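The following paragraphs lead through one protein structure, from its bound partners to its aromatic rings and its backbone. Please keep the sequence and the model at hand while reading.

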Amino acid sequence: MNNTNKTTKDITFEDFKAEVLSDYKIAVTSRECSLLGRREVLTGKAKFGIFGDGKEVPQLAMAKAFKNGDFRSGYYRDQTFMMAIGALNIQQFFAGLYGHTDIAEEPMSAGRQMGGHFATHSLNEDGSWKNLTQQKNSSADISPTAGQMPRLLGLAQASKIYREVKGIDTEKFSVNGDEIAWGTIGNASTSEGLFFETINAAGVLQVPMVMNVWDDEYGISVHAKHQTTKENISEILKGFQRDENNNGYEIFRVKGWDYPNLVDVYQRAAVVARKEHCPVLIHVNELTQPQGHSTSGSHERYKSKERLAWEVEFDCMSKMRQWMIENNIFTNEEAKVIEKDIQKQVRKGKQAAWTAFVKPQKEEQIEAVAVLKSAAVNSSNKAFIEKLANELEVIKEPIRKEILIATRKALRYLTTEKSETKTALINWIASYKAKIQPKYSANLYSESNLRADNINDEAPKYNDDAEMVDARLIMRDNFDAIFTKYPESLIFGEDAGHIGDVNQGLEGMQEKYGELRVSDTGIREATILGQGIGMAMRGLRPIAEIQYLDYILYALQIMSDDLATLQYRTNGKQKAPLIIRTRGHRLEGIWHSGSQMGGLIHLLRGIHLLVPRNMMKAAGFYNTLLEGDEPAVVIECLNGYRLKEKMPSNLGEFKTPIGVVETIKEGADITLVSYGSTLRIVEETAKELAQVGIDAEVIDIQSLLPFDIKHDIVKSVQKTNRLLVIDEDVPGGASAYILQEIVEKQDAYRFLDSKPQTLAAKEHRPAYGTDGDYFSKPSAEDIFEKVYEMMHEVNPAKFPALF
Ligand SMILES: Cc1ncc(C[n+]2csc(CCOP(=O)(O)OP(=O)(O)O)c2C)c(N)n1
Ligand SMILES: [Mg+2]
């Protein structure tokens, strides 16, 4: 444990004084924002507040050690840090509190996240990268405690890759891998598995990560004695301390109110991490929470009188102030002048934020009232519409919901009337919605020209003497082409390195491309995902391998909460074009046959979900994704690696289009829709159906998210008038989604002559025994009989009942 008082900088007292004063001003500004922010919530102008009071001083120290190119992955207490690096000003702080939807006013999330969730902008307007080495970066926060940890690991690992892998264009992302990834986490949140998983992985990987624990002894109302063994996180992590024989961590413990010591510790920590790529833990204890956890409750309910008195005495701000007076940096009177002035600035900034927040809605209100009033003039329901207009007009600070309620309700009084003013009202509502809805819904997926569905497809080419090979060889040789073509690409996962993955799809790749680009990881799916997210956020093209689809559940939380929301929660200002490679579908047993597609489809909106039926298609998806800028999951068929496929000649080049279905077999009687391993069974069954005179059309979905963007399936239904969706997920899982897409979104109901149906697996997971698959998932006989039954219903004479 390192903890000394020596400052390393050699500066004059005047310089020193100016720097400390500047720090103090930032801290006071931050504290005033917290105090006033809480009042804004209590008076109803903002909905919820969670602030950084009590944690200001260590954040000043962290900001001093934080350099251009560095990244933060932190949580809601870090407003002081954000102010200190120049990424948050007073007005923006309040814009965040009010949820201002204009990214220029509220740069953290354009009102999509609660205040206290911070981010900087990594992307230009067109979605291309800014030069991240010339700015201080903060990856976008998320609310699940410790959810920032897995990504932190990847942000740190990127520096290692940039420093040690040759041939990557580092210009916008790294200067010699000197960047540190700084994590912040509350003491109580270190109880989460994600924290421990990250700590261990960073120790193994030896990456420049500085983990900061802000310890105020509580997690909302729950004391450390319920959170942490020995109530002391750095104490129990002592075994991670490096020594002469072993790599590990450098661990510091420092009091959160001790400004000079904090500054010193942070400078030293940064040197260790930056130069040696050794991870560091800084346990900052004796912190407080002057206003309690958030605006939802008061801490008097759960802290003792003694604790509350201690928190007043050890408030880091008053301790810093006291130290400054003792060291002749200012007098008490001078301090008061500074504080008063800042109070004024904060009030002014808050007012400006509120005015800016209200202004557009005021203008929209005036417009809406005008269209309403003119629609009223000639209407037989004039009085009712005028009432709506008047009620809207008197709202002092209207919100958009109120504007739309009034205008949309007015239309109900005009259903039987025709007038230019009614048309004007209809048009106004439409254009208002078109203008406003994107403020709430845009950028779930990439909107750049590199979005995945914008990448042209390219067919595989085959030499005349192309061989039929074990399909895993297509995967391997295509990865070989990818690693050559994209020096910034890398793959990692359990058994992905030395043996070249459990199915040999990476055979020999580690030998050829080195242990940094083709690597084994520990068994820790969440942080494998985090490595991918963090590295993708820094311009690399990681492929994170989850060994089996069944185990993706360990990573699902981070995929859903972090990766899937990233573009959305930053309104398109950050991206992580991570490719997640996994393998699944029917093989054998409860945990090696998984196809929990319904769950994935619903939890992963924001990530593409691709289900190739063979290895050529899968390889083609990787080739497409690497040209794009979006995250995706590719699920290879577990039982497909040893099947024979023809080896294409344009490896690394052929591309499977995203969001486009493929008709495998044309037919006139019924449309059979499926994907993945089950599709092979459907194809076989279609041959059997042909023998009894049923001409089935078979369509491979290939891409569940996005789904059939050209609406090709409905064209098939238009021809066959019958639809059966065959899926190996549970009933009502992915099949329900597919049916909704086809019947409702594509309007296929208009062409149906039979009830649209689904054929899914049993509700339980697949049994292992030899017949487990047959009795758990749709079989060829199940499909045959289902289709036959549908055809029997249409033409019993031609298709007499089977049973
Ligand atoms: C996964 C998850 N569980 C619960 C919560 C609700 N929650 C928000 S903050 C918090 C306490 C966090 O305490 P700590 O990590 O010590 O940070 P502090 O607020 O004390 O700085 C809890 C339980 C959450 N946001 N995420
Ligand atoms: Mg705490």
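The magnesium ion (ligand 2) has three protein donors, N187 (OD1), D216 (OD) and Y218 (O), at 2.0 to 2.1 Å from the ion. Donors are N, O and S atoms within 2.8 Å of the metal (3.2 Å for Na, K and Ca), and sites may look incomplete because water is not among the atoms. Along the chain, the donors of the magnesium ion follow the spacing N-x28-D-x1-Y. N187 and Y218 link distant parts of the chain, being 31 residues apart: N187 belongs to the loop between β3 (181-186) and α6 (193-205), and Y218 to strand β5 (residues 218-219). Such helices (H or I, at least four residues) and strands (E, at least two) are DSSP runs, numbered from the N terminus.

Two notes on the model are needed here. This is a predicted model, in which local features need pLDDT of at least 70 and side-chain atom pairs count only at pLDDT 80 or more, while totals for chains, interfaces and linings use all residues. Residues are numbered from 1 along each chain as its sequence is written, chains are lettered from A and ligands numbered from 1 in the order in which they are written, and side-chain values use heavy atoms, with hydrogens and water left out.

Are the donors N187 and Y218 buried or exposed? N187 is buried because its relative accessible area is 5%, and Y218, at 10%, is buried as well. Buried means under 20% relative accessible area, exposed over 50%, and partly exposed in between (1.4 Å probe, protein chains only).

Ligand 1 is surrounded by 18 residues, of which Y75, Y76, R77, S189 and Y218 come nearest; a residue is near a molecule or strand if one of its heavy atoms lies within 4 Å of it. This shell divides into 6 nonpolar, 8 polar and 4 charged residues. Ala, Val, Leu, Ile, Met, Phe, Trp, Tyr, Cys and Pro count as nonpolar, Asp, Glu, Lys and Arg as charged, and the others, Gly among them, as polar. A side-chain N or O atom of Y75 is 2.7 Å from an oxygen atom of ligand 1, and a polar side-chain atom of D216 lies 3.0 Å from an oxygen atom of this ligand.

The aromatic rings come next. The whole structure holds 31 aromatic pairs. Rings of Phe, Tyr and Trp (its six-membered ring) pair if their centres lie within 6.5 Å; planes under 30 degrees apart count as stacked, over 60 as edge-to-face and the rest as tilted. The ring centres of Y98 and W354 are 4.8 Å apart and the planes stand at 75 degrees, so this pair is edge-to-face. Because Y98 lies in helix α4 (residues 90-98) and W354 in helix α12 (residues 332-377), the pair ties together parts that are 256 residues apart in sequence. Y98 counts as buried at 8% relative accessibility, and W354 is buried at 9%. Ring pairs link F51, F93, F94, Y98, W354 and F357 into a cluster.

Finally, the backbone deserves attention. Most residues other than glycine have a negative phi, and most peptide bonds are trans. N176, in the loop between α5 (149-164) and β3, has a positive phi of about 60 degrees although it is not a glycine. Q206, likewise not a glycine, has a positive phi of about 55 degrees. Q206 is found in the loop between α6 and β4 (209-214). L705 and P706 are joined by a cis peptide bond with omega about -5 degrees, and P706 is in the loop between β20 (703-705) and α24 (712-720).

Terms used:
A polar contact is a pair of N or O atoms within 3.5 Å; within protein, one must be able to donate a hydrogen and the other to accept it, and residues adjacent in sequence count only if both atoms are side-chain atoms.
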